[in-house]
Amino acid sequence: MKKRTIGIMGAMPEEIEGVVALLTNPEVTKMGKRSYFTGQINGIDTVVVFSRWGKVAAATTVTTLIHEFKITELLFTGVAGAISPELKIGDIVLGKRLIQHDMDARPLMKQYEIPLLSKTYIESDAAHLEIATKSINTVLENRSLHSVIGTEGLKEFHIVQPKLMVGEIASGDQFFSSNEQKNNLNSQLPDVLCVEMEGAAVAQVCYEYDIPFSIIRTISDVADDNSHIDFPAFIQKISSKYAAEIIKDIFEQM
């Protein structure tokens with residue numbers, strides 16, 4: 001039986017700080033311009049790392065986690081832009097399936113299909129999806145975020161009653177900041193809830209190595225012409241706290 005080791009990736013350095021603080025007996029290994037923090041959370045061997053931005057960087061990072069640190073499962077946290085009109089800043093999206101919106105090898109194969117895999121979507125493992133869903137709902141229902149962030153912090157970003165949505169996440173090497181981008185994606189992939197730059201690449205690598213994964217995204221903006229929040233402040237005050245609280249609860253259930 002494989003020794004259990006959980007990899008945790010964050011899309012921003014600030015997002016992993018709170019997670020690194022959860023580690024007991026922490027050590028750091030520097031490799032490929034990244035710092036990999038190893039230790040235990042709730043007695044489980046864990047490796048935490050900042051993935052860097054974009055699909056290539058994220059795929060490189062998870063591949064290193066698999067080969068060098070022998071992870072057996074993966075959690076990925078980060079922010080995303082809302083595509084679904086039902087999502088507001090501060091809501092959480094858990095990826096049920098992931099798609100690369102910029103994958104297009106036509107006419108050799110249909111749009112969005114991953115070459116040689118004959119797949120358009122990569123689906124999350126059902127058991128890990130259930131654990132993550134339960135953990136996120138527990139954090140939201142217990143108002144844990146209100147206690148660690150504070151009412152004023154939430155009010156600054158107009159977060160009142162954050163909710164969880166489980167569904168499709170689209171990834172690509174493109175930052176969405178216009179209505180045109182958002183509308184184009186929505187017309188082609190109407191079931192996509194949010195857009196980001198790493199999740200589907202991570203999912204593909206995990207699929208190819210048979211590593212179960214969970215992709216958890218906090219909505220930081222609405223991915224259009226009105227996407228003008230204080231992004232560094234949102235990462236520091238909101239999404240980093242979300243990541244630590246959710247991961248802490250996930251480990252309590254494992």
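I started with S240 and listed what it touches, taking contact as heavy atoms within 4.5 Å. Leaving aside neighbours within four places in sequence, S240 is in contact with E14, E15 and I235. S240 is found in helix 8; helices here are DSSP runs of H or I with at least four residues, strands are runs of E with at least two, and both are numbered from the N terminus. S240 counts as buried at 9% relative accessibility. My bins: buried is under 20% relative accessible area, exposed is over 50%, and partly exposed is in between, with a 1.4 Å probe and protein chains only.

Housekeeping note. I'm working on a predicted model, where local features need pLDDT of at least 70, side-chain atom pairs count only at pLDDT 80 or more, and totals for chains, interfaces and linings use all residues. Residues are numbered from 1 along each chain as its sequence is written, and side-chain values use heavy atoms, with hydrogens and water left out.

Next, salt bridges. I took one to be a side-chain nitrogen of Lys or Arg within 4 Å of a carboxyl oxygen of Asp or Glu. How many does a search of the whole structure find? It finds eleven salt bridges.

I looked up K163 and D91 among them; their closest N and O atoms are 2.6 Å apart. K163 sits in the loop between helix 5 (151–156) and strand 8 (164–171), and D91 in the loop between strand 5 (73–82) and strand 6 (92–100), so this pair ties together parts that are 72 residues apart in sequence. Buried or partly exposed? I checked each partner: K163 is partly exposed, with a relative accessible area of 29%, whereas D91 is buried, at 3%.

Then K237 with E156, a salt bridge whose closest N and O atoms are 3.0 Å apart. This pair also links distant parts of the chain: K237 is in helix 8 (residues 231–253) and E156 in helix 5, 81 residues apart. I get 35% relative accessibility for K237, which counts as partly exposed. E156 is partly exposed too, with a relative accessible area of 39%.

Back in helix 8, I checked K248 and E245, whose side chains meet in a salt bridge (3.3 Å, N to O). Why about one helical turn between them? Because K248 and E245 are three residues apart in helix 8. K248 counts as partly exposed at 35% relative accessibility, while E245 counts as buried at 14%.

Last entry: E196, E198 and R217 are joined into one network by salt bridges that share partners.
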